[in-house]
Amino acid sequence: MQVPFTSIYKLRKVADTSARSCFVCYKPSVSVLVSLPNASSKDPDFFYVCEAHLRDSNFCSIRYIEESPSQDSVGADKKSEVLSIQAEVANLEKRLRRLEDKQKAAASTLNAVVGYFTKSSVEEKKDDDSKESISKELKDPKLEIVDVKKELSFKVAELRALEKRFTRYQLDPAIYRARLMKFHERQRQKEHQKFLQNPASFPSVSSLPSPGEKADKGDDKSNDPGVSPGDNQTE
Ligand SMILES: [Zn+2]
């Protein structure tokens with residue numbers, strides 16, 4: 001059976017003045033989850049929710065999905081793209097930590113060496129040479145750190161942009177069922193309203209049975225699931 005809307009939603013914001021109560025805790029919220037279009041959805045489902053619930057795995061899980069070019073399908077899955085950038089960021093962070101540790105270790109070695117030569121009676125010239133050669137060794141990790149930091153900030157910006165563009169929220173099955181129940185309830189109310197407003201829903205005076213005539217011709221009985229043949233046998 002086709003569902004009226006998908007369980008995957010996109011986050012939107014409304015103005016502060018349009019805040020409404022959260023679907024979960026009833027506090028006012030300006031964040032709205034709107035279901036992604038699918039083939040059978042004429043209107044998307046939407047509801048207000050605090051953003052804190054979006055981080056709760058009992059409420060939803062995060063998906064990375066592209067905006068669909070058509071209005072009747074969910075867009076392409078971008079999870080692998082986001083995961084690969086996340087892995088690159090993690091690697092750069094690891095590399096940066098290693099370089100910083102190396103630099104710290106080298107700096108303390110330099111201090112120790114400089115301290116030793118200052119105290120020793122070795123010629124000034126040799127002392128200078130040693131300082132210079134050790135400083136030269138340190139220069140590379142320092143430059144590398146600058147490079148890695150630059151690359152890292154670039155990758156983090158790229159990751160944030162991808163997350164902003166592709167992050168969607170897949171409702172937990174229980175929450176999704178609650179949304180579907182709300183939808184069906186609304187549908188029933190709408191149909192009931194339509195029924196009440198439609199004059200054809202009620203018999204006109206001319207089509208009413210004349211006194212003494214049986215209104216029930218008996219052919220509808222079998223369609224009523226609430227009535228079984230045994231129910232008629234009352235005393
Ligand atoms: Zn809430």
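Two strands are taken to pair if DSSP finds at least two bridges between them. Strands (E, at least two residues) and helices (H or I, at least four) are DSSP runs, numbered from the N terminus. The model described here is predicted: local features need pLDDT of at least 70 and side-chain atom pairs count only at pLDDT 80 or more, whereas totals for chains, interfaces and linings use all residues. Residues are numbered from 1 along each chain as its sequence is written.

Five strands form an open sheet in the order S5-S4-S1-S7-S6, with antiparallel pairing. Its edges are strand S5 (46–48) and strand S6 (60–64), each of which pairs on one side only. From one strand to the next, the twist averages 35°; axes are lines fitted to C-alpha atoms, for helices over the stretch in contact, and angles run from 0 to 180 degrees between N-to-C directions.

At the S5 edge, strand S4 (residues 31–35) pairs with S5 in the antiparallel sense over three bridges. Within this pair, Leu33 stands opposite Phe47 in S5. S4 also pairs with S1, again in the antiparallel sense, over five bridges, and here Lys13 lies opposite Ser31 in S4. Strand S1 (residues 8–13) is further joined to strand S7 (residues 167–171) by an antiparallel pairing over two bridges. In that pairing, Tyr9 has Tyr169 of S7 as its bridge partner.

Outside the sheet strands, an unreviewed UniProt entry places the feature "coiled-coil region" at residues 82–109. UniProt positions are given in the numbering used here, feature names are shortened, and annotations may be inferred rather than shown by experiment. In the model, residues 82–109 are 100% helix and 0% strand, with the end C-alpha atoms 41 Å apart.
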